[in-house]
Amino acid sequence: MITGDAVKTSAGALNHIKVCRENNLKESIDFLQDYGVNVVACTEKTDHQISSIDLTGPIALLMGSEEDGVSPEYLKKANEAGKIPMSGNISSLNVSVAAGMAAYEVVRQRLDHK
């Protein structure tokens, strides 16, 4: 359920995007893949940079929890896995920050692809 606090925190952006809530993530991933959507897991548990993945077609970004990341079960189901490049002693990001950075990479590639 989208609450008033969620709308406020999003600065009203939730009023302009389609939101879908599903009860079974496994079935949702299967459904998306059956219809040609490339499911990309965002995880630090890979050697591939997210920028090396083609994000110009239909994609779904799979984000994990801040504590555990994407579970091994869902990493196996994903078509691809990519990480956000980082340096220094920081090994992970807040999930909202990581989602924003991954979404930026999608937009960057699509603009460059035109």
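**Note on a predicted 114-residue protein**

1. With 114 residues, a compact globule would be expected to have a radius of gyration near 13 Å, and the protein has 15 Å, which agrees; this radius is taken over C-alpha atoms, and the globule rule is 2.2 Å times the number of residues to the power 0.38. Along its principal axes, the C-alpha trace spans about 40 × 35 × 35 Å.

2. A word on the basis of these values: this is a predicted model, in which local features need pLDDT of at least 70 and side-chain atom pairs count only at pLDDT 80 or more, while totals for chains, interfaces and linings use all residues. Residues are numbered from 1 along each chain as its sequence is written, and side-chain values use heavy atoms, with hydrogens and water left out.

3. The protein contains four helices and three strands, where helices (H or I, at least four residues) and strands (E, at least two) are DSSP runs numbered from the N terminus. Read along the sequence, these elements follow the pattern α-α-β-β-α-β-α.

4. Of the 114 residues, 23% count as buried, a term that means under 20% relative accessible area, whereas exposed means over 50% and partly exposed lies in between (1.4 Å probe, protein chains only). The accessible surface of the protein comes to about 8,200 Å², and 53% of this surface belongs to carbon and sulfur atoms; such areas come from the Shrake-Rupley method with a 1.4 Å probe, and for residues only the protein chains shown count as cover.

5. Contacts can also be sorted by how far apart the partners are in sequence, a contact being heavy atoms within 4.5 Å. Among contacts between residues at least 6 apart in sequence, 66% join residues at least 24 apart.

6. The protein carries 11 positive and 15 negative side chains, and the centres of the two sets lie 4 Å apart. In this count Lys and Arg are positive and Asp and Glu negative, with His and the chain ends not counted, and the place of a charge is taken as NZ of Lys, CZ of Arg, CG of Asp or CD of Glu.

7. Strand β1 deserves a careful look: five of its five residues are buried, so β1 is largely enclosed by the rest of the structure. The side chains of N38, V40 and C42 point one way from β1, while those of V39 and A41 point the other way, and all are buried.

8. Which strands pair with β1, and in what sense? Two strands are said to pair if DSSP finds at least two bridges between them; β1 and β2 pair in the parallel sense over four bridges, and β1 and β3 (residues 80-82) also pair in the parallel sense, over three bridges. On the β2 side, N38 has I59 as its bridge partner and V40 has L61, while on the β3 side the bridge partner of C42 is G82.

9. Strand β2 shows an alternation along its length, since A60 and L62 point to one face and are buried, while I59 and L61 point to the other and are not.

10. Two residues of β1 can be described by their surroundings. N38 is buried at 16% relative accessibility, and, not counting residues up to four places away in sequence, N38 touches D54, P58, I59, A60, N79 and E80. C42 is buried at 13% relative accessibility, and, with neighbours within four places left aside, its contacts include I50, L61, V70, G82 and A102. C42 and G64 are 22 residues apart in sequence, yet 7.5 Å apart in space, C-alpha to C-alpha.

11. The loop between β1 (38-42) and β2 (59-62) holds T46, and T43 is found in the loop between β1 and β2 as well. T43 is buried, with a relative accessible area of 5%, and T46 counts as buried at 13% relative accessibility. Leaving out residues up to four places away in sequence, T46 touches A81, G82 and K83, and T43 touches L75, A81, G82 and K83. T43 and L75 are 32 residues apart in sequence and 8.5 Å apart in space, C-alpha to C-alpha.

12. A final point concerns A11, which sits in the loop between α1 (4-9) and α2 (25-34). A11 has a positive phi of about 60° although it is not a glycine. Most residues other than glycine have a negative phi. At 73% relative accessibility, A11 counts as exposed.
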